[in-house]
Amino acid sequence: MKKKTILSALATAGVIVTLAACGNGNEESNGSNAEDTTIKIGASNVPHAEILEFVQPILEEEGITLDITTYNDYVIPNVALDEGEIDANYFQHIPFFDAAVEENGYDFVNAGSIHIEPLAIFSQRYESLDDVEDGATVLVSNNQADWGRVIGIFQEAGLVTVKDGVDLTTATFEDIDENPKNLVFEYENDPALMTTLYQQDEAELIAINSNFAVDQDISPIDDSVAIESTSSPYANIIAVRSEDSEDPAILKLVETLKSKEVQDFILEEWDGAVVPVTE
């Protein structure tokens, strides 16, 4: 779908986002300093927007106003950033970002890695992956950037193997080599629908991103039958246009998000379902 079509669909649905460029309202001073500045930033509801809300008063002390717009979507935040409607976004992990930039030709940069949301496998029918029966269906979202994460969880559990030389960050289900339990992977649904499919017990196993799980009071730690290792390469980042990568306000935003105060907040608020990037 072309960007113009996407934006038209939003307007039809009555979703109108009115945003300005990063600055203090004076075009001549845009990006010149980190004081008296407004950053328009798009984010997923949980945990991204909640983390940003936590840092709002901290940034206000530095003369930076954080104007947060939330999205329940994995496409529109990058479109909005590309169109200049927002100054930054905070919703995507690095492999998703890399794929979006390559596919769409976005002139974006990764301004900093903030946290990891371990992807987890849930089931209403099994207590662990050891209980999985032959021919079980695994529901996975249509977000291809997450497919390798799912495959990695099942590979670690000894339920599948992948072909030699395959990079899991770009793997698809066609790259599965051995599947002794004859698991059936279905990947047609939007990521935001996965919690509903789990609650309705639509399949034996369902993969859910932690941000959508915690938004529905589903604990990736307590309620899942398997969870991704936090050493995965799927850190969630602040993305900005290349021209803004050295903007003092953006640099201060990233510095604040990576501070110990914010890291402690993340650990206390989500108890391991969201993990700060410390390096």
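# Exercises on cavities, a pocket and a sheet

The count comes to 3 cavities of 30 Å³ or more in this predicted model.

**Exercise 1.** State the volume of the largest cavity, list its lining residues and describe the lining by class.

*Solution.* Start with the space itself: the largest cavity holds about 100 Å³. Next, list its lining: Tyr74, Phe91, Gln92, His93, Phe96, Glu117, Asn143, Asp146, Arg149, Asn209, Asn211 and Asn236. Then look for the element that contributes the largest share; β3 does, with 3 residues. Last, sort by class: the lining divides into 3 nonpolar, 6 polar and 3 charged residues.

**Exercise 2.** Find which residues line the second largest cavity and which element gives the most to that lining.

*Solution.* The volume of the second largest cavity is about 50 Å³. Around this space lie Ser44, Asn45, Val46, Tyr71, Asn72, Asn211, Phe212 and Asp215. Two or more of the lining residues come from each of α2 (45-60) and α7 (210-215). Of the elements, α7 gives the most, with 3 residues. By class, the lining has 3 nonpolar, 4 polar and 1 charged residues. Asn211 lines the second largest cavity and is also in the lining of the largest cavity.

**Exercise 3.** Describe the second largest pocket by volume, by the residues closest to its centre and by the classes of its lining.

*Solution.* The volume of the second largest pocket is about 190 Å³. Its lining has 13 residues, and those closest to the centre are Gly148, Arg149, Gly152, Leu168 and Glu228. The classes in this lining are 4 nonpolar, 6 polar and 3 charged. Arg149 belongs to this pocket lining and also lines the largest cavity.

**Exercise 4.** Work out the strand order of the open sheet, its edge strands and the helices that pack on the sheet.

*Solution.* Six strands form the open sheet, in the order β2-β1-β3-β12-β4-β13, and the pairing is mixed. At the edges are β2 (64-71) and β13 (275-276), each of which pairs on one side only. Take the pair at the β2 end: β1 (residues 37-44) and β2 run in the parallel sense over 8 bridges. As one example, Gly42 has Thr69 in β2 as its bridge partner. Now add the helices. Helix α4 (residues 94-104) packs on the sheet and touches β3 (88-93), β4 (108-116) and β12 (235-241); the direction of α4 makes about 115 degrees with that of β3. Helix α8 (residues 248-257) also packs on the sheet, touching β1, β2, β3, β4 and β12. The direction of α8 makes about 50 degrees with that of β1.

Conventions. Residues are numbered from 1 along each chain as its sequence is written. This is a predicted model: local features need pLDDT of at least 70, side-chain atom pairs count only at pLDDT 80 or more; totals for chains, interfaces and linings use all residues. Side-chain values use heavy atoms; hydrogens and water are left out. On a 1 Å grid over the protein atoms alone, a cavity is a set of points where a 1.4 Å probe fits but cannot get out, and a pocket is an open set with protein on both sides within 12 Å along at least five of seven lines; lining residues have an atom within 4 Å of a point. Grid points are joined across faces, edges and corners, and a volume is the space filled by probe spheres set on the points. Ala, Val, Leu, Ile, Met, Phe, Trp, Tyr, Cys and Pro count as nonpolar, Asp, Glu, Lys and Arg as charged, and the others, Gly among them, as polar. Two strands pair if DSSP finds at least two bridges between them. Helices (H or I, at least four residues) and strands (E, at least two) are DSSP runs, numbered from the N terminus. Contact means heavy atoms within 4.5 Å. Axes are lines fitted to C-alpha atoms, for helices over the stretch in contact, and angles run from 0 to 180 degrees between N-to-C directions.
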